[in-house]
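Please read the following walk through the structure alongside the sequence and the coordinates.

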Amino acid sequence: MSGQNELTRFGTYHIDRYYGSLAGMLKHFDKTARKDAFTGHDRAAFEEWRKQERSCLSGLLGLDRLSRPNLIHSEITERVRLSDGILREKVLLETEEDVTMPLFLLIPPETPKGVFIALPGHLGGGKYSVAGCYEIPAVREQIELFHYDYGRRLARMGYVTVCPDCRGFGERRDTPFTGDEPERFLNGSCKNLANMALPLGLTVIGLCVFDGMVLIDYLEQRGGWPLENLGCIGFSGGGMQTMYLAALDERIKQAVISGYFYGFRDSLLILNDNCPCNYVPGLWEHLDMGDILSLFAPKPVFIQSCENDHLNGPRGLSNVFEQLAVLRKSYALFDAEDRICHDIRPGEHCFHEEILKNL
Ligand SMILES: [Zn+2]
């Protein structure tokens, strides 16, 4: 047995072999994952499963701990006519007592085609990138990088588009991420929010879904726009929120999910450096992403994947196709496989606006 007595040039000991936790965690996953996957063969069994799993998922997300206000308090604080003719309203919406969600409502000049909720992901400053605030140089750069301005694009296409700050981003940042420096402005405090929420039995995803539900309540109460085809769209973390909101709120009728549809094992366990806002205690035992999005069947869903998106995990698109197969099986029960549009694009993690042509 030789002793370890020579320090490296960093003043540390060199370690040849690491005894990390991943292998053990993968074993746990393989033993316990997806125990609630749908195994039936007809629509009646599927409806029963849907009811049960919506309730299970709501519980896991902490939604049972939150109650929607009967009377929604909101205030329009600003109205601006943008250069492309779109009217931008800023609304402060109280989703819980002492919880305010600022949002931009983009209203096209013509009679609207419908309404879309456009949710933000990481590193875009919340609503500022989605609503296309090109005048902010740091936001403009992120729009160029990720094509983050899908809310503004939808408004130009004739949809009333609601672009909220999700919790932790834009005007909803907590310390230490408040501040005007571009890095702080773009960044979010969703990690800090996860730290606050999880021990309270809440989750970031659950809080975002909850806010989305109250936002739809607000749109219903405000009236004036057609909600029969209410859509929800998001890229990356916005895609995450879209998937869960679509799965749990019947009022979403079409969903566009870009850069956020793959299996948990590869994308959130092997890639365990993902932001904590992605993680829900106990979830993987019950469902995977294909199962969760199946709760939306058979409504139209547009999924976009980029070939080299590192978030697909080490096996790349295979990890996407496996979840799509689960989703297709659910849609097949309704003879509605054609309502799943899978749009594959080259390159890294990015939104591609071509998918909007399919709406
Ligand atoms: Zn996050």
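Helix packing, metal site and backbone

The crossing of helices H8 and H9 is right-handed. This is a predicted model, and local features are described where pLDDT is at least 70. Two packed helices are described by the angle between their axes and the distance between those axes. For H8 (residues 204-222) and H9 (residues 237-248), the angle is about 60° and the axes are 9 Å apart. The two helices are therefore oblique to each other, because an angle that is neither under 35 degrees, nor over 145, nor between 65 and 115 counts as oblique.

H9 also packs against helix H2 (residues 43-61), here at an angle of about 135° and with the axes 10 Å apart. That angle makes H2 oblique to H9 as well. The crossing of H2 and H9 is left-handed, whereas that of H8 and H9 is right-handed.

The chain leaving H8 leads to Trp225, which sits in the loop between H8 and strand E6 (231-235). Trp225 has a relative accessible area of 19% and is classed as buried, because the class covers values under 20%. Counting along the sequence, Trp225 is twelve residues from Met213, and the C-alpha atoms of these two residues are 17 Å apart in space.

The next stop is the metal site. Which residues supply the protein donors of the zinc ion? They are His122 through NE2, and Cys190, Cys275 and Cys277 through their SG atoms, at 2.1 to 2.3 Å from the ion. The angles among the four donor atoms run from 104 to 128°, and the site is tetrahedral. Ideal angles for four tetrahedral donors are 109.5 degrees. Along the chain, the donors follow the spacing H-x67-C-x84-C-x1-C. Within this set, His122 and Cys190 link distant parts of the chain, being 68 residues apart. His122 belongs to the loop between strand E4 (114-119) and helix H3 (127-130), while Cys190 is in helix H7 (residues 190-197).

The zinc donors can also be placed by their accessibility. His122 is partly exposed, with a relative accessible area of 24%. Cys190 is buried at 4%, and Cys275 is likewise classed as buried, at 19%. Cys275 lies in the loop between helix H10 (264-270) and helix H11 (283-286). The C-alpha atom of Cys275 is 6.5 Å from that of Lys191, although the two residues are 84 apart along the chain.

Cysteines raise the matter of disulfides. A disulfide is a covalent bond between the sulfur atoms of two cysteines. How many disulfides does a search of the whole structure find? The count is zero. Cys166 serves as an example: the closest cysteine sulfur to its own belongs to Cys208, at 4.9 Å, which is too far for a bond, because a disulfide requires the two sulfur atoms to be within 2.5 Å. Cys166 itself is buried, with a relative accessibility of 7%.

The backbone holds some further points to check. A cis peptide bond joins Thr175 and Pro176, with omega about 10°. Pro176 is located in the loop between strand E5 (159-164) and helix H6 (182-186). Another cis peptide bond connects Ala297 to Pro298, with omega about 0°. Pro298 falls in the loop between helix H12 (289-294) and strand E8 (301-306).

Positive phi values come last. Arg34 is not a glycine, yet its phi is positive, at about 60°. The residue is part of the loop between helix H1 (22-32) and H2, so Arg34 brings the reader back to H2, the helix that packs on H9. Arg34 has a relative accessible area of 31% and is partly exposed. Asp98, also not a glycine, has a positive phi of about 65°. Asp98 sits in the loop between strand E2 (87-96) and strand E3 (99-107). With a relative accessible area of 73%, Asp98 is exposed.

Technical notes:
Residues are numbered from 1 along each chain as its sequence is written. This is a predicted model: local features need pLDDT of at least 70, side-chain atom pairs count only at pLDDT 80 or more; totals for chains, interfaces and linings use all residues. Side-chain values use heavy atoms; hydrogens and water are left out. Donors are N, O and S atoms within 2.8 Å of the metal (3.2 Å for Na, K and Ca); water is not among the atoms, so sites may look incomplete. Four donors count as tetrahedral if all angles lie between 85 and 135 degrees; four count as square planar and six as octahedral if opposite donors are over 155 degrees apart and all others between 65 and 115; anything else is irregular. Helices (H or I, at least four residues) and strands (E, at least two) are DSSP runs, numbered from the N terminus. Buried means under 20% relative accessible area, exposed over 50%, partly exposed in between (1.4 Å probe, protein chains only). Axes are lines fitted to C-alpha atoms, for helices over the stretch in contact, and angles run from 0 to 180 degrees between N-to-C directions. A crossing is left-handed if the near helix is turned anticlockwise from the far one by less than a right angle, and right-handed if clockwise.
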